[in-house]
Amino acid sequence: MNDVDAHELVTAAAHAARNAQRSLARAPRAVKDAALEAMARSLTEHAESILAANAADLERGREAGMRPGLLDRLALDTGRLDAIAASLREVAALPDPVGQVVDGSVMPNGLRVRRVRVPLGVVGMIYEARPNVTVDTAALAVKSGNAIILRGGSAAQDSNAAIVAALRGALEDQGLPADLVTSVDAAGRDGARALMRAHGLVDALVPRGGAGLIRTVVEQSTVPVIETGSGNCHVYVDASADLQAAVDIIVNAKTQRVGVCNAAETLLVHADAAPAYLPKAAVALWDKRTTLHVDPTTHRILAEVAAGSGCEELLTEATETDWDTEYGSLDLAVRVVEGLEEAVDHIRAHTTGHTEAVIAQDVGVINDFIAGMDSAAIMVNASTRFTDGGQLGLGAELGISTQKLHARGPMGLTELTTTTWIVEGEGHIRP
């Protein structure tokens, strides 16, 4: 589709979304919750067509040589679709942020002042092959009184079309405008560019995907961007760590789901713990077919273990680029460090500001690790996989922000609101 067509489609979608959002901005919680429940039912009722559409997307992805981690992110099955529907109900059960009083006071002159949460308005999403994001963002938008315009990428085009149709039908069944949830996928990449330039029609834009996508949106958008980040997440195992817990954590953080931004990509191990810990961790990771990209010290410790386990092909020497790589696959960079200070220095040099984890029993080490980090989330004796809106009580998430303005970390309902100052007087005039 050419630029003129994309511009017209996005402009029309944005105007329709703004009109639709006005009807929802002041809607009571009961109306929004009923809509979310209806959206959940609609996904279940249309499960067959949604899964068929997803199967078509997956087939195209395989034919195009899509990486296994990306295929996993794209894939839906009955269990995943049920979980996505359940997330709609979880969001419905959360408190409504709209109308919440953030703070207030009475001024010395008698003016009554308060700040109240209100919706952002129209939010745009540009994201990659993640059908669950289509539902999560729609759920959060409706609950927080916003309209959402979605550009979900060609890899998931059939899945997203089927999901959006189901959600729009549910909204109409509840007497709400379907244009509260709109897709501009039909405009292709030109639609994404038009969405980035819809200043004045779209109030905020959220990119969610790989580093290249996020960088493009941040650099080219004239719409205010809430920047999400790629995840070069680190796990540091201290000499004071419970080593079995540390093995369990790194296996979960790396292999539980590899194609996500909160999967661990680098393991740092204190030199005093390395001889006992690394063989156990390596065998557990190799059992999941994880390739370890290691520094020379780690290689010396693991070479004999790899030979004895028949896993020589899963042990390779790290290059400098490995420390900055978000693999999104069964690959893990591993380095032995002399202590906490070297671990912190390494993380600060290579982090994307997403999630870092420390495994330790020494309270001083834990506190110093926390103080040394500058990331959106810090895990203490827990997997990096918990940096997730659904896991942290948000019901769902718009994305994980690694910036420091407006929102940081998993973004839920509150992050889809802004505030209005309400000032009440009794004929007050300024002297």
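In what sense do strand β8 and β11 pair, and over how many bridges? Parallel, over five bridges. Keep that pair in mind. Much of this talk hangs on it.

One caution before the details. This is a predicted model. Let me give you the overall picture, then go back to the strands.

The protein chain has 431 residues. Its secondary structure comes to 14 helices and 16 strands. How does the radius of gyration compare with that of a compact globule? The chain has 24 Å, and a compact globule with this many residues would be near 22 Å, so the two agree. Along the principal axes, the C-alpha atoms fill a box of roughly 75 × 60 × 35 Å.

Now the inside and the outside. Buried residues are 53% of the 431. The exposed area is about 18100 Å², and 51% of that comes from carbon and sulfur atoms. Then the contacts. Take those with a sequence separation of 6 or more: 73% of them join residues 24 or more positions apart. And the charges. There are 37 positive and 56 negative ones, and their mean positions lie 7 Å apart.

Back to the strands. Start with β7, residues 233-237. Is β7 enclosed or open to the outside? Five of its five residues are buried, so β7 is largely enclosed by the rest of the structure. Look at the side chains. C233, V235 and V237 point one way. H234 and Y236 point the other way. Both sets are buried.

What does β7 pair with? With β8, in parallel, through five bridges. One place to find on the screen: V235 stands opposite L267 of β8.

Move on to β8 itself, residues 264-270. L267 turns up again here. Its bridge partner in β11 is V334. So follow L267 in both directions: V235 of β7 stands opposite it, and V334 of β11 is its bridge partner.

Next, β11, residues 331-337. How many of its seven residues are buried? Six, so this strand is largely enclosed by the rest of the structure. Besides β8, β11 has a link to β9, residues 291-294. Those two run parallel and are joined by four bridges. Two positions mark the register. T291 stands opposite D331. H293 stands opposite A333.

In β9, which residues point which way? T291 and H293 go one way, L292 and V294 the other. All of them are buried. β9 also pairs with β10, residues 315-317, in the parallel sense over three bridges. There, V294 stands opposite E317.

Let me put the pairings in a row. β7 goes with β8. β8 goes with β11. β11 goes with β9. β9 goes with β10. Each of these is parallel.

Now some single residues. First, E326. Where is it? In the loop between β10 and β11. Its relative accessibility is 30%, so E326 counts as partly exposed. Which residues does E326 touch, beyond those up to four places away in sequence? S230, G231, V260, C261 and E265. As for A192, that residue is 134 positions from E326 in sequence, and the C-alpha atoms are 24 Å apart.

Second, H346. This one sits in helix α13, residues 340-350. Buried or exposed? H346 has a relative accessible area of 4%, so it is buried. Setting aside neighbours within four places in sequence, H346 is in contact with H234, T266, L268, W323 and R335. You have met H234 already: it belongs to β7. From H346 to E326 is 20 residues along the chain, and 15 Å between C-alpha atoms.

Last, two backbone oddities. N381 is not a glycine, and still its phi is positive, about 55°. N381 lies in the loop between β13 and β14. At 32% relative accessibility, it counts as partly exposed. The other is H406. Its phi is near 70°, again positive in a residue other than glycine. Look for H406 in the loop between β14 and β15. Its relative accessibility is 48%, so H406 counts as partly exposed too.

To take away: a parallel run of strands, with β7 and β11 each largely enclosed by the rest of the structure. Thanks. Questions?

Methods:
Residues are numbered from 1 along each chain as its sequence is written. This is a predicted model: local features need pLDDT of at least 70, side-chain atom pairs count only at pLDDT 80 or more; totals for chains, interfaces and linings use all residues. Side-chain values use heavy atoms; hydrogens and water are left out. The radius of gyration is taken over C-alpha atoms; the globule rule is 2.2 Å times the number of residues to the power 0.38. Buried means under 20% relative accessible area, exposed over 50%, partly exposed in between (1.4 Å probe, protein chains only). Contact means heavy atoms within 4.5 Å. Accessible areas come from the Shrake-Rupley method with a 1.4 Å probe; for residues, only the protein chains shown count as cover. Lys and Arg count as positive and Asp and Glu as negative; His and the chain ends are not counted. The place of a charge is taken as NZ of Lys, CZ of Arg, CG of Asp or CD of Glu. Two strands pair if DSSP finds at least two bridges between them.
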